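Biologist: Could you take a close look at one part of this model for me, going slowly from residue to residue and explaining each term as you reach it?

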Amino acid sequence: MANLRTAMDAAFWDLDISSPQTLHGAARAVPGEPFPLEGARASRALRVQQLSFLGNGFPLGVIPSLAPTSQKDMGSFSLQSLFFRPATSNWWLGLIGQFSPTKLISSIKANISAVDEWELSTFKEVAKHFIDKSLFSFGLCSQLSLTPSSSLMVSTEKHGDKKGLRSRVMLFHQLAFHDITLEAAWPELFINHEGRYWEVPESLSLDLSSLVSESGLRYRFGIHKNGGDPQPVNAINGETPSALMPGLCAKAAFSYEKSRDFWRQREKRKDSIVKTEQGPLWRPSYDIALSEPHAAISGIIGGFCEAWFGGLREHNDGSSADAKRRNPLGADLFASACCTFQHGRFRKRYGDLTRVDARLNICSASALAKRVSNLLSSSANGEKNPLSSPRLNLVFQQQVAGPIVFRVDSKFLLDSSGGIGGPHLEDFTYSLNYSLRLLQSGKVVAWYSPKRKEGMVELRLFEF
């Protein structure tokens, strides 16, 4: 089933989106924007833990990624590796290194092509390129288990082609039915629904979230503070998202979700037993979350309210710059409905998995109602709100061979305005997934986003 909790999590500041722009492998989604793609959510495993595992299956423990940079000579291709990871029973430390070979190769090629005769000075010039600090990035991450239910994580990273450090501290405490998270980052990297990045100098959050109850009810409370003016990383002539402007925000949200099966073939123990010449052999599904053919429908509905304090800047005439774009008080409703069809148990080597998820998202009930009202009255009132149009997220998964699955995540904007008739494609990613049977529901994912021109390899656990 699709992760319906994204509908509520998208309203807060801690929704991680997979991104190779940082060494910890994620950027935060801008809150209050259209819900992201299903497959865009970052892995639950820390990047250090991912590299520690992935390094066993890649040559020399080096993992590739694609991440466009502001400096074109740096290229997009980079290589990551975990140098060391000492650990004790309640503490570990990891050092990540990243190398960008594109600039090195082009610089050496330019030197060689310009040389008529090889001299000692020529070799010295070539050698200097290998110690260019802009080619290297390093990240240090450590986690300490304070008690069985609480942990402290500290990380910092330095990119050779950028100034300053990127640091983060997170304190996590687990209660019987709630999770408490205190987090600070300076700076914090955010990504909007158009794939544009913004950097907020200071970000501080305190969040209390409930676990999903048997009734399907869930709620969250959070306090967030932005400090400093957001800076565009790759945004061109774009307006700064109001949720990233300086200020303090208190937000509360609730949701209710429910699912129902049209039909489902429950997995039985005998289904996992295969008769061979050597005798019965236990062969479970490659992924326990994909082990039961079924057709189902699920839905979530919820709402949130928020209050902003401070952070308003004034023009010379005394008017507020931020007040025109951000209301001090706000409330709204959201909803999602998802239909799922799966054929196969994902146990055989070929043709044993075909799955389609179709999810309709209404990100803002008030914006949609206002848009419908304007359409009925045939009036165009002001600038169009990107939340006013529903989105349709489609996920298609097809087994290629054995544990390998090809997956496409797409998002369609259901809007006939703008000169395009009917729904049109807003974003999509495609990926190859290698399921790891020993992890029950773990897989290595190699994805690429044509819109962002980014790609990376991740380890994901218990996605559903």
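Modeller: I223 has a relative accessible area of 44%, and is therefore partly exposed (between buried, under 20%, and exposed, over 50%, with a 1.4 Å probe and protein chains only). The model is predicted, so local features need pLDDT of at least 70 and side-chain atom pairs 80 or more, while totals for chains, interfaces and linings use all residues. Residues are numbered from 1 along each chain as its sequence is written, and side-chain values use heavy atoms, without hydrogens and water.

I223 belongs to strand β13, residues 217-227 (a DSSP run of E, at least two residues). Together with L144, L146, L171, L182, L204, L206, L248 and F309, I223 makes a nonpolar surface patch of about 730 Å² (Shrake-Rupley areas; residues over 30% accessible without a salt bridge, nonpolar side chains joined within 5 Å, like charges within 9 Å). Both β6 (136-147) and β12 (202-210) supply at least two residues of this nonpolar patch.

Turning to a loop, Q440 sits between β23 (424-436) and β24 (442-449), and its relative accessible area of 45% is why Q440 counts as partly exposed. Although Q440 and S285 are 155 residues apart in sequence, their C-alpha atoms are 8.1 Å apart in space. Leaving out residues up to four places away in sequence, Q440 touches Y286, D287, I288 and F462 (heavy atoms within 4.5 Å). D287, in turn, is found in the loop between β17 (279-282) and β18 (294-309), and its contacts beyond four places in sequence include F346, S435 and S441.

Methods:
Accessible areas come from the Shrake-Rupley method with a 1.4 Å probe; for residues, only the protein chains shown count as cover. A salt bridge is a side-chain nitrogen of Lys or Arg within 4 Å of a carboxyl oxygen of Asp or Glu. Helices (H or I, at least four residues) and strands (E, at least two) are DSSP runs, numbered from the N terminus.
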